[in-house]
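Visitor: I am new to this one. Please pick a single part and look at it closely. Then show me what surrounds it.

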Amino acid sequence: MKHVRMPALFLGHGSPMNVLEENPYTQAWRTLGEQLPRPKAIVAISAHWYTRGTAVTAMDKPRTIHDFGGFPQALFDTHYPAPGAPALAQEIADLLAPVAVHPDNAWGLDHGAWGVLIKMYPEADIPVVQLSIDGTQSAAWHFQVGQRLAALRERGVMLVASGNVVHNLRKVRWQEDAEAWPWAASFNQFVQDNLAWQGAAEAHPLVNFTEHEGAALSNPTPEHYLPLLYILGSRQPDEPVTVPVNGIVMSAISMLSVQVG
């Protein structure tokens with residue numbers, strides 16, 4: 001059976017409150033779910049599963065993880081009961097060999113994953129596996145994992161990565177209309193300007209993101225940025241890169257989303 005090549009998405013997920021709220025960002029995710037070809041399964045890559053080594057959820061029924069505190073009870077009462085896909089987990093392990101991929105039966109779907117998928121596919125009727133981000137590896141390594149995962153897109157599987165290309169909670173300003181910090185706006189623009197760059201992983205400006213003068217403030221730690229590299233790595237030479245929605249909230253969190261294909 002021939003599949004349509006699935007698009008690959010990086011979604012700037014922002015606050016867990018986006019689960020309960022409707023705003024331009026959540027509306028953009030919902031529109032993607034309505035307009036893109038329907039995947040047979042989803043591989044989620046979230047900033048919030050940052051590990052030593054690589055793991056993939058391998059259970060039939062991944063639990064909904066409420067990995068946050070201090071939010072309204074309604075958020076903790078929300079669940080996303082999407083089925084798992086143990087066969088897909090094994091397929092990922094085979095694709096990434098010789099990288100050792102640990103089949104995980106404890107994790108589930110964290111809010112970086114289900115918090116965006118609940119807007120895209122509210123019925124929770126598409127199987128989802130989550131792939132962890134190995135915090136011991138280089139940015140180029142993450143991009144190269146994305147290159148290997150590209151094969152899944154040809155088989156009807158959608159890659160949905162979730163993070164924020166600018167994510168500095170210490171520099172957040174809580175006013176609704178707070179202006180972006182200059183370094184945040186500059187780094188966000190740098191990401192946008194280089195999304196379509198093609199060439200070897202080691203030379204990619206967005207792999208070498210730490211060379212940008214705003215990188216250290218924009219990403220004091222890299223886990224919210226790295227998911228983007230999986231999506232850019234999965235891009236094929238003939239594919240467009242588009243930005244479904246963009247913006248900086250609370251001065252220091254980028255809501256930029258990226259679509260490949």
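Guide: What follows starts with empty space and works outward through the elements around it.

First, the ground rules. This is a predicted model, in which local features need pLDDT of at least 70, side-chain atom pairs count only at pLDDT 80 or more, and totals for chains, interfaces and linings use all residues. Residues are numbered from 1 along each chain as its sequence is written, and side-chain values use heavy atoms, with hydrogens and water left out.

Rolling a probe the size of a water molecule over the atoms shows where empty space is left. The search runs on a 1 Å grid over the protein atoms alone. A cavity is a set of points where a 1.4 Å probe fits but cannot get out; a pocket is an open set with protein on both sides within 12 Å along at least five of seven lines. Lining residues have an atom within 4 Å of a point. Points are joined across faces, edges and corners, and a volume is the space filled by probe spheres set on them.

Start with the largest pocket. Its volume is about 720 Å³. Its lining has 30 residues, and the closest to the centre are G14, S15, V249, M250 and I253. By class, the lining holds 14 nonpolar, 11 polar and 5 charged residues. (Ala, Val, Leu, Ile, Met, Phe, Trp, Tyr, Cys and Pro count as nonpolar, Asp, Glu, Lys and Arg as charged, and the others, Gly among them, as polar.)

Now the closed space. The structure holds 1 cavity of 30 Å³ or more. The largest cavity encloses about 50 Å³. G14 and S15 turn up again in its lining, beside H13, P16, N18, V19, W29, H111, G115 and V116. That lining counts 4 nonpolar, 6 polar and no charged residues. Helix α4, residues 111–120, gives the largest share, 3 residues. (Helices, H or I of at least four residues, and strands, E of at least two, are DSSP runs numbered from the N terminus.)

W29 leads us to helix α1, where it is one of the buried residues. The others listed there are Y25, T26, A28, L32 and G33. (Buried means under 20% relative accessible area, exposed over 50%, and partly exposed in between, with a 1.4 Å probe and protein chains only.) These buried residues are on the same side of α1, because they cover an arc of only 155 degrees around the axis. (The arc is that of the directions from the helix axis to the C-beta atoms.) An α-helix has 3.6 residues a turn, so residues three or four places apart point the same way. On the other side of α1, P24, E34 and Q35 are exposed. The cover over the buried residues includes α4, along with β1 (8–12), β7 (241–245), β8 (248–249) and β10 (257–260).

The length of α1 also checks out. It has 12 residues, 24–35; at 1.5 Å a residue they should span 16 Å, and the end C-alpha atoms are 16 Å apart, which agrees. (The expected span is 1.5 Å times one less than the number of residues.)

Go back to H13 in the cavity lining. H224 touches H13, and also F10, A47, H48, G163, N164, V165 and H167, not counting residues up to four places away in sequence. (Contact means heavy atoms within 4.5 Å.) H224 is found in the loop between α7 and α8 (227–233). At 3% relative accessibility, H224 counts as buried.

Next, α7 itself, residues 215–218, where S218 is found. S218 has 0% relative accessibility, so it counts as buried. Like H224, S218 meets V165 and H167. S218 is also in contact with V166, N168, W183, A184 and F187, leaving aside neighbours within four places in sequence.

Last, two backbone points. Most residues other than glycine have a negative phi, and most peptide bonds are trans. S251 has a positive phi, near 70 degrees. S251 sits in the loop between β8 and β9 (253–254). Its relative accessible area is 0%, so S251 is buried. A124 has a positive phi too, near 55 degrees. A124 lies in the loop between α4 and β5 (128–134), and it is buried at 6%.
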